[in-house]
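The exercises below are meant for a reader who is meeting this structure for the first time. Please look over the sequence and the model, and try each task before reading its solution.

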Amino acid sequence: MAVICSEKDRCLRASISGELDHHRAKEIMEELDGRIDQIMPRELILDLKELTFTDSSGIAVLLRAARRMGTVRGAIRVVNTPPQAEKVFRMAGLQRLIRFE
């Protein structure tokens, strides 16, 4: 499974593992979209602790998740970002749009 989700008190936690590239991005986006539509969370926490690689597809996934959370008036934050992914996201300037911890 590309994404493992859990929910508590309208907080959706999604743990993404493995590689986040163009092969898996669509699957991850669909899973997140479905969960956001179902739960209508106040907060989405993307946990990237088990992420081993990402490319520009990871940027697209994070931007789409942020947009979707905006439609439900919720917040998004990204936690446990591995160094390789952090470099990709920083180069794209995502820290100006999304809260990273």
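**Exercise 1.** Is Ser57 buried or exposed, and what is its relative accessible area?

*Solution.* Before starting, keep in mind that this is a predicted model. Begin by placing the residue: Ser57 belongs to helix H2, which covers residues 56-71. Next, take its relative accessible area, which is 11%, and compare that value with the cut-off, since a residue counts as buried when it is under 20%. Ser57 is therefore buried. Finally, ask what lies around it: apart from neighbours within four places in sequence, the residues in contact with Ser57 are Leu20, Asp21, His22 and Ala25.

**Exercise 2.** Explain why Cys5 and Cys11 do not form a bond with each other, and decide for Cys11 how its accessibility should be classed.

*Solution.* Start with the distance: the cysteine sulfur closest to that of Cys5 is in Cys11, and it is 11 Å away, which is too far for a bond. Then turn the view around, and the sulfur of Cys11 likewise has its closest cysteine sulfur in Cys5, at 11 Å. For comparison, a disulfide requires the two sulfur atoms to be within 2.5 Å, and the structure as a whole holds zero disulfides. For the last step, consider accessibility: Cys5 has a relative accessible area of 17% and is therefore buried, whereas Cys11, at 22%, counts as partly exposed.

**Exercise 3.** Describe the order of the elements along the protein chain, and work out whether its radius of gyration agrees or disagrees with that of a compact globule.

*Solution.* First count the elements, which are three helices and seven strands. Reading from the N terminus, they follow the order β-β-β-α-β-β-α-β-α-β. Then turn to the overall dimensions: a compact globule of 101 residues would have a radius of gyration near 13 Å, and because the protein chain has 12 Å, the two agree. Along the principal axes, the C-alpha atoms fill a box of roughly 30 × 30 × 20 Å.

**Exercise 4.** What share of the residues is buried, and what share of the contacts with a separation of 6 or more joins residues 24 or more positions apart?

*Solution.* Of the 101 residues in the protein chain, 45% are buried. Among contacts with a separation of 6 or more, 72% are between residues 24 or more positions apart. As a last step, look at the outside: the accessible surface comes to about 5800 Å², and carbon and sulfur atoms account for 51% of that surface.

Conventions
Residues are numbered from 1 along each chain as its sequence is written. This is a predicted model: local features need pLDDT of at least 70, side-chain atom pairs count only at pLDDT 80 or more; totals for chains, interfaces and linings use all residues. Side-chain values use heavy atoms; hydrogens and water are left out. Helices (H or I, at least four residues) and strands (E, at least two) are DSSP runs, numbered from the N terminus. The radius of gyration is taken over C-alpha atoms; the globule rule is 2.2 Å times the number of residues to the power 0.38. Buried means under 20% relative accessible area, exposed over 50%, partly exposed in between (1.4 Å probe, protein chains only). Contact means heavy atoms within 4.5 Å. Accessible areas come from the Shrake-Rupley method with a 1.4 Å probe; for residues, only the protein chains shown count as cover.
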